[in-house]
Each structure stands twice: as C-alpha cells, then as structure tokens.
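Reader: Hi! I'd love a close look at one part of this model, and then at how the parts around it fit in. Could you walk me through it in plain terms?

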Amino acid sequence: MSTDRIPLDALTRAGATRLPRRRFAQALAAAPLVAGAGGRLAVPARAQEKTQIKFWTHTHPPMVDQNKAMIAKFMEANPDIEVSYEIIPNMNFAEKMLSSMGTGTGPDVINMDDNQMRATYIPRGLVQEVDPAGLGFKSMDDLKAAYIPGALEGATVDGKVYGLPSEFNVTAFAINTAAFKEVGLDPATPPKTWDEVGTMGQKLVVKDGDTMTRRGFDFLYLHAGWYHNQLGTLLLQTGGSYVAPDGTTVTVNQPGAVEALQIWYDMINKYKIADPNVASREATVPYQDFIDGKVAMTLMNPWGMGLVTTGTPAYGNYAIVPLPQVHPDKPVNPLYAYYWALNAQTTDEKKKAAAFKLIAFLASDPGAWLKNVNFIQPKQGWNDLPEAKDFPFFDVWASEMLHGQFLPVTPKGPQIDDIMKQTIESSVLNGVAPQEAMDTAATQIEAVLKQA
Amino acid sequence: MQPTGVAAPLPGAVAAPRRRLRPSHLQQRNLWGLVFALPAMLLFAVFAIWPIAQTFYLSFFHFSVVEPPKPAGLENYRQIFSDGRFQSSLLTSVRYVLFTYVPVWVLALLLAMGLNTRVKGRSVFRTVYFVPVVMSWVVVSVIWKLIFHRNGLLNTMFLAPLGIGPQNWLTSTDLAPTAIVMMSIWKEVGFFMVVFLAGLQAIPSVYDEAARVDGSNGWQVFRYITLPLLQPTILFATVIGLITGLQVFIPQFVMTQGGPVDATLVLTLDIYQTAFVFLDGGKAAAMSVVLFFIIAAITLVQFRLYRSRAYG
C-alpha cells in the first residue's frame, strides 16, 4: 500500500527553522490518510471476518454480571462472532433505545419490557418476529411449547411472537421480619388486604419528630413506568382501567380506577404510614429503602431479592409473602416480563443468525439466571430445576404466578403513563382528592386520545 | 524632460506582455485563514446549521423519531398553541429565567464591585465564587439533590437549628422550582461576577476621580458614571443569561425529572419528552422552532433597546 509520506528529515533536519507552508499543508492533509491506513492495518485480519453484533440492556448489576459472563462464554464458543455489550442507565433507557433505533444506531439485540414491546416496539415495527429455526427450535409450535402458558404473551401481537423472555416477574410483597418482631407482629401472619397493610403499618412506623425514619409501607417513586406498574397492580385488583377496551372511552375517573388511587392516597393521608417526600429515587436500586430498613413493607419482584446483599439491614431479615388483595377471595397479581428481541433494522443474514444464536445461548441456562440473578425464565419445568429448590421463597413466587396477569396496554401509552404519574403525584404529594385528581386525568387523557 | 516614474506607452507601440497576476500577501493570508477555518466551519455547518434547518423542516411533519416523516402542514403548530402542557412549560421556563437571572445579575454586580476594590484576599474570593462555574451542571445537580433531600444537609444542618421543620424541597410543587432556582443562582453568579468585573475594570478611573472632585457621592458615581459605562457589559450579561436560562435542561432533568406534577417542567425538558418519550418528533420540532424565535426576538429587542439608549 502506498501513501504519501512526509520525509522525517523535512521536520528535523538542521537549519530547517520552520516548516514550509506547502509542506505543512500537505502534512495536515495526509495525516488522516496515514492514520486511517495505519488504523486499518492495525486491525487483525481475523477480526474483520467476525460478525459484529451489539447488545444493549438496562442497568441491574446482577444481570449485567450474568450477561457479561454468558457473552464471554458465547464468544469463546463462537469465535466468529463479536458481541459488543452496552449498559444504559435506567432512568433514560427507553429514550436512549428509541432515539438510537430512530437514527439507525441501535443494538441488534435489545432487552425490553412487555409494556414497551406491545405498546411501541411491535406496533411500530421496531423488532422482528422470532425465527424458531435460528433459535434452535423445529417450529413455532415447538418454541411455544418450550415455555409455560402465557409466558410469551408480553411479546406477542396478532399471534406473532417477537421475543424470548429473559425474566418473568410476578409482583408479591416483602416484609421486614425483624421489624415485625420488634413491634410484636407475627411475620407468619402478614397483611392479606390493603386495609391490613395500613393498620399493621401504623405499628411499624418509627418517627423522629415530624420525619418517619421507618415507614410502615411505601410505594416507589421512580420513573413513569414504575408508577404505571404500581397503580396497575391496584387497578387489576379493583377492576379499574385508564381507557376501556374500545381504546377511546376514558374510564380513569370511574369507581374502579378511583378506588385504586384511593388505596395509594390512604397509605399517606389516612394511615400515615408512607411518605413520598423521604423516598429514595434511585432507579438502579429501586428497593433501597426496604434494603436499608427504612421501609418495613414493600411490593417486590423476584429480581429485587438479588439487591438484598450481605451486610445490608434487610439481609436475612425479610420474607416474601403473598401480595395483599382488594378481594382476597379473587386474588390477582400483575405480571411483567423483559424479552430479548431482534432489531428490525438488523437485516444482514449473518448478523441475524448471530443475534438469534446469542439469544438462544442466553436463554439456554435458566438455572444460572435463577441462581445468580433471581430471574425466572418461564420455561417448562423451570420449577423442577435444582436451582429452583434453593430459590428464596420459591413456593410463594410459584403460587403468586398462578393468578398472574399482564397489565393491559393502552393506546398512547407513554403520554398516558406521564399523565398518570402527574395524577398520582398531585394526589399523594399535594393532597388532591383521588376523584378530583382522576377527573383531571380523564380530561387530559381525552385530549391526548383526540390528537392525531 | 520626461518625468520620472512609469512612462506612458508610445502611441502605436506594442504593449509589453503583462506580468501574471499573483495574489497579494494579504490575499494569501486571507486564503490561508479560510483554509484553516474551513474544518471548523464545516463542522459548525454539519452539527449546528444542518440540525437547525432539519428542525424547521421536520416541524411541518408528523415524525415519530422511529418512523419516516409524514406531511402535517401547520398541524404541529396548531397543536402546541392549544396545548396546556406547552404553555405551562413555557411559563415555567420564563419564571426560571426571571427568578434565577435577575438575582444573579444583581448579586454578581454587587460582588464584582466589592472585589473591584483593594479588599484583602480578593483573589481568593474571586476563585471561591468562580468554582461552581467550572463544575459540571450534572455534578452540581446531583450534589444539590442530596442537599435538598428531606433528610439532607439543608434541612438538618441549617433549618433544624433555627427551629424550622424539614421542608420537602424537591417533592413539593411550591418548593421544587425555588430549590432549583437557589441552586442555579449559586452556580451562575460566579460567571457573571467575572463578566461584570471585567466591565468595571475597563472603566477608566479618571471618570470616577473627576466626579468625586466635583462632589459626587458613591451612589451618584454608580448611577451616572459606572452604570452607563457598564451598559455593553450589561447587554452581554442579559443576552447570555436569557439564552442560557431559556435553554436550561440539566438541573430539572437530574433533580426532579420535571416534577412534581410538572412544577419544574421547563420547555427544553418538555421538548425532550415530547420527542423521545411520547415519540412526537414533529411537535417537538415545532416547539423548538417557537423557542428559537422567542430567544431571537428577546435578543433583538435587547439590542434595539440598548442601541436606542446608547445613541438616542
């Protein structure tokens, strides 16, 4: 390869007090060429032959460690594939993913929650249908049969499947057993209803002047997605919704939905066991206050147990119990899941094959995910895995899953989620009565639905 | 006798071949200047002018960021002018600018005047006041988020000893905008102090001395000598302050995410959410265009105002 090179002696020879301008300009012009050529030459020939794929996830430290370990093994087993793994901060995960996909710079393999998948990614054609053969299945029926019923529902639209579950979560309840014992409550008889949460919570509260140093119970105040999941938990139980199934009738100010917000509101204003003003707002460790012993009861997902690490006040001092219910005779728990899916813009056949191979590999060891990350991968027989026997509070999680349901997807989901975040805050922070807050929300949602 | 100098060509004589035109030294310098400026100009065109032009263009389209744009005419503009959220976020931005930058200008001017005297340790004071300026907005916002927490430094160290109960600085719709304004004043005052200090030091001391010889007091010197001569600096400070203030994004994004109940949702954050959360890029582009014209109009008015004062 020939490149225009500047003789070194032109720069160093004795008597050359200054570089001639023409030479200098030539040097400037040639520098990128030389650097580029050098850079290209520096890449080993073998790397050029590798199929490069990008994989992005949100931030959850145990999951990140597991991903890194599995990717290393995958690349070792597939030396012709290079995986570039990137972790995106939770608070801006959705925005970064969408903007990157809009500009064609997104990852080949994404890991996204069921709400986003069904509300945005699948309807807008951002992800592609899974290829059973690429994932190592003989047919789509075989693939579906490999998972427990309903497990793929969060990534299925019009009968087409767009992702494999990386984690399958059911919401249960966590109690601080040490705090229970301290105030004379029996951890073996946890609250069964939200009213009981309120009354038991009052005993668990510890105050320093006006400030609660231990809250009896509290919700989490993070981003709009968290508000959606928590209010959604209550809506499932009260039978409320934001919008009717027809997609146009606003129902958020109907009794079922108002009752759901009333439960939230009562924890703060009636029972006085929660305080959003002191809640931690760090989305990387959502259960921080429970882990630190600042909250005695909380909603909990299986993966959350992975954050209760040795040395924290909650370590060894908590129990997972069934989720309190509005109607204990008709229990219902929310389900949510994350899915590995392939970017629709990944059209190169080699890349597609490599990406599906990676997804298949990541999904191949549910035991490791259960043991290391507390992620349930809902494959048939997951509950018979040796790791399941050691999984903390396995029986509770398994039984709660039996009455699990995915939250409904509403049109204009992100806008409505944002409206509901404002609605909840106006009620729980400013004390606006739930009915009034929901009436305002109804007007705003109607306006959003009317927009093109 | 022929005059000395260039002889006129004789009639009928054949003109001597002219020397090839060569650029003058100045032209050569200009050419080289252009060559060296070209990369920066290209970068500016690609990363500033082109996106601005694209924003104008996209404001006439429905554009979801992840799908191809579809023509929308003036629909995006119609939507934003009937959108309560847009009006509210614009008002929040204006409030932020007024409540942050008016106190900043006053404080900065006072500090600059104080440090323009021969006070002991003025270099130390200048450095101390300037330190927040060199810190990143993100770092400052994270630190102040902790300070403003209900169990944070402000409540426990400063208010509690005064017998004032803990305040919900970042979760109260009344206090959250105030908290961000307080933090911004702390962050911005140093920069404007240096600007005013430079302006004050550019005023020749003879005016001050002459006025004092004529019997003017301190206030009169300030009102009739310092302030008029400081007008170009004040213009610079107000233009920069207004532009920076209307474009503020990081503290609201980091400290409150625009909440609680949109109390700190400034226009830039609204634009960001509209584009990347609600996937309405066309509307966000229209909002950006409106913000552009607001800033341009305010700047123009300021220039006109100061020009009419200076020359009228």
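Author: Happy to: I'll begin with one helix, follow it to its packing partner and to the other chain, and then visit a sheet and some loops.

Please keep in mind that this is a predicted model. To set the scene, chain A has 18 helices and 14 strands. Of its 452 residues, 46% count as buried. Contacts across the sequence matter for reading the picture: among contacts in chain A between residues at least 6 apart in sequence, 73% join residues at least 24 apart.

The helix I'd pick for the close look is H17 of chain A, residues 413-428. H17(A) has 16 residues and spans 22 Å from its first C-alpha to its last, which is close to the 22 Å expected at 1.5 Å a residue. As for its surroundings, H17(A) is mostly covered, with 16 of its 16 residues buried.

One of the elements packing against H17(A) is helix H10 of chain A, residues 224-238; the two axes are 9 Å apart and the helices meet at an angle of about 75°. Because of that angle, H10(A) is roughly perpendicular to H17(A). If you want to find the contact on your screen, look on the H10(A) side for Ala224(A), Gly225(A), Tyr227(A), His228(A) and Leu231(A). Facing them from H17(A) are Asp417(A), Asp418(A), Met420(A), Lys421(A) and Ile424(A). Sorted by class, this contact between H10(A) and H17(A) has five nonpolar, two polar and three charged residues.

H17(A) also takes us to the other chain. Between the chains, 23 residues of chain A are in contact with 23 residues of chain B. On the side of chain A that touches chain B, the elements giving two or more residues are helix H5 (93-102) and H17 of chain A. By class, that side of chain A has nine nonpolar, nine polar and five charged residues. So H17 is worth keeping in view from two directions, because it packs against H10(A) at an angle that counts as roughly perpendicular and it also gives two or more residues to the side of chain A that touches chain B.

Let's move on to a sheet in chain A. Three strands form an open sheet in the order E11-E8-E12, with antiparallel pairing. Its edge strands are E11 (297-300) and E12 (318-321) of chain A, each of which pairs on one side only. Neighbouring strands here are turned by 30° against each other on average, direction ignored. Looking at one pair, strand E8 (residues 172-176) of chain A and E11(A) pair in the antiparallel sense over four bridges. To place that pairing by residue, Thr298(A) in E11(A) is the bridge partner of Ala174(A).

Next comes the loop between helix H14 (366-373) and helix H15 (386-389) of chain A, where you will find Phe375(A). Phe375(A) counts as buried because 24 other C-beta atoms lie within 10 Å. Leaving aside neighbours within four places in sequence, Phe375(A) is in contact with Met63(A), Ser166(A), Glu167(A), Trp303(A), Trp369(A) and Leu370(A). The loop between H14 and H15 of chain A also holds Asn374(A). Phi of Asn374(A) is near 60°, a positive value in a residue other than glycine. For context, most residues other than glycine have a negative phi. Asn374(A) is buried as well, because it has 22 other C-beta atoms within 10 Å.

Another loop gives a contrast in burial. Tyr271(A) lies between helix H11 (255-269) and helix H12 (288-291) of chain A. With 19 other C-beta atoms within 10 Å, Tyr271(A) is partly exposed, because the cut-off for buried is 20 or more. Not counting residues up to four places away in sequence, Tyr271(A) touches Gly198(A), Gly201(A), Gln202(A) and Asp266(A). Tyr271(A) and Met200(A) are 71 residues apart in sequence, yet their C-alpha atoms are 9.5 Å apart in space.

Finally, chain B has a loop with backbone details to check. Pro260(B) sits in the loop between helix H11 (250-255) and helix H12 (267-276) of chain B. A cis peptide bond, with omega about -10°, joins Gly259(B) and Pro260(B). Val261(B) is in the loop between H11 and H12 of chain B too, and Val261(B) has a positive phi of about 50° although it is not a glycine. Val261(B) counts as buried because it has 22 C-beta neighbours inside 10 Å.

Conventions. Residues are numbered from 1 along each chain as its sequence is written. Chains are lettered from A and ligands numbered from 1 in the order in which they are written. This is a predicted model: local features need pLDDT of at least 70, side-chain atom pairs count only at pLDDT 80 or more; totals for chains, interfaces and linings use all residues. Axes are lines fitted to C-alpha atoms, for helices over the stretch in contact, and angles run from 0 to 180 degrees between N-to-C directions. Angles under 35 degrees count as roughly parallel, over 145 as roughly antiparallel, 65 to 115 as roughly perpendicular and the rest as oblique. Two residues are in contact if their C-beta atoms, placed from the backbone, lie within 7 Å. Ala, Val, Leu, Ile, Met, Phe, Trp, Tyr, Cys and Pro count as nonpolar, Asp, Glu, Lys and Arg as charged, and the others, Gly among them, as polar. Two strands pair if DSSP finds at least two bridges between them. A residue is buried if 20 or more other C-beta atoms lie within 10 Å of its own, exposed if 12 or fewer, and partly exposed in between; C-beta atoms are placed from the backbone. The expected span of a helix is 1.5 Å times one less than its number of residues.
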